[in-house]
Amino acid sequence: MKIIYMGSPAFAVYGLNALYQGGHEIKAVVTREDKARGRKKQLQPTPVKARSLELGIPVYTPSDVNDPAFIEILKETGAEVIVVSAFGHLLKSELLSAFPLGVINIHGSLLPQYRGASPMNAALRDGQTKTGITIMYLNEGMDEGDICLKGELEIGENENFASLCHRMGELGGSLILEALAKIEQGTAPRIPQNHEAATYCQLMTREDEKISWSQKGKSIHNQIRSLSPEPGAYTYFNGEVIKLIVSHWENDDRCEFDDAPGKILFMDKRKGVAVKAQGGILWLKEVKPAGKKQMKANDWYRGLRNKEMAVFTDDSNR
């Protein structure tokens, strides 16, 4: 099948690879513009662009994907269908109707749950034990189109975003091949969503990354793993930002420590660094102090001078 692929982050690379390895003819890839990253602010391509160039596929980075002139460029490729995966732009009716087989999306949740930009982060943050991929037909609404296929995955108790993204990406790649085969055969279903059951998630912001020690400890653990390893949930230590990358939660409402949440209690060689949180202990395994590389939490703890006064805080002034 002749395909135009639209996507940007690492998650979308899985779908691109699946289509390429599945023998489909990818006529063009559309992705976000290069972005300045790192301390030197050098322009970096999206993961999808980088992979597309490796595969020798033409890449477009339009400022407006819905521009009529750009739509004409895409139509000239002779593509039959557009496949979208974490592209980050809403497609308007002119583009949605420009190709014979329409526009198909690989969405990272079991729709209608978690419509929006960060479904995998949201599932981890909310402590969900199950999620999955939905292959859907795009319309002008926010993930409101009919469903073609679904596939479920169990979420591990301590699974982080990187791990879930990998497994979800592989599932999405498998399902999009199955969906396209059904579409080509004319046997693909179109199942309307239950809009009354819909939930939504927004694009993650810097504020979503900040830890509040007033919330329950299990919620902090879920926040940490939902942002691990990048961009990382952060808190403050001695007025400086420190990112908490890997944690485990030990629930114990009878926790013998009377310290306030955020107090760093002690270190265990096997478990890591114990931090008091509401309802128990948050065990830190890996952290990333400001200006330093990611390291074992135990190594960071050993370097503290005044361990008995060590505490994480909600802001830089405490």
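Below are three short exercises on the pockets and salt bridges of this predicted model.

**Exercise 1. Describe the largest pocket: its volume, its lining and the elements that supply it.**

Solution.
- Start with volume: about 1700 Å³.
- Count the lining: 45 residues. Nearest the centre lie Pro9, Arg32, Ala86, Ala117 and Leu203.
- Place the lining on the fold. Two or more residues come from each of helix H1 (10-21), strand S3 (35-37), strand S7 (103-107), helix H5 (119-125) and helix H6 (161-185).
- Sort by class: 22 nonpolar, 14 polar and nine charged.

**Exercise 2. Find which element gives the most to the lining of the second largest pocket.**

Solution.
- The pocket holds about 210 Å³ of space.
- Its lining includes Phe237, Glu240, Lys292 and Trp300.
- Strand S13 (240-251) and helix H9 (297-302) each supply at least two lining residues.
- S13 gives the most, with three residues.
- By class, the lining has seven nonpolar, one polar and three charged residues.

**Exercise 3. Classify the partners in two of the twelve salt bridges as buried, partly exposed or exposed.**

Solution.
- Take lysine 49 and aspartate 34: N to O is 3.1 Å. The partners are 15 residues apart, with lysine 49 in helix H2 (residues 47-55) and aspartate 34 in the loop between strand S2 (25-30) and S3.
- Lysine 49 has a relative accessible area of 16%, so it is buried, since buried means under 20%. Aspartate 34, at 31%, is partly exposed.
- Next, arginine 51 and glutamate 54: their closest N and O atoms are 3.0 Å apart. Both lie in helix H2, about one turn apart.
- Arginine 51 is partly exposed at 23%. Glutamate 54 reaches 61%, so it is exposed.

Key: Residues are numbered from 1 along each chain as its sequence is written. This is a predicted model: local features need pLDDT of at least 70, side-chain atom pairs count only at pLDDT 80 or more; totals for chains, interfaces and linings use all residues. Side-chain values use heavy atoms; hydrogens and water are left out. On a 1 Å grid over the protein atoms alone, a cavity is a set of points where a 1.4 Å probe fits but cannot get out, and a pocket is an open set with protein on both sides within 12 Å along at least five of seven lines; lining residues have an atom within 4 Å of a point. Grid points are joined across faces, edges and corners, and a volume is the space filled by probe spheres set on the points. Helices (H or I, at least four residues) and strands (E, at least two) are DSSP runs, numbered from the N terminus. Ala, Val, Leu, Ile, Met, Phe, Trp, Tyr, Cys and Pro count as nonpolar, Asp, Glu, Lys and Arg as charged, and the others, Gly among them, as polar. A salt bridge is a side-chain nitrogen of Lys or Arg within 4 Å of a carboxyl oxygen of Asp or Glu. Buried means under 20% relative accessible area, exposed over 50%, partly exposed in between (1.4 Å probe, protein chains only).
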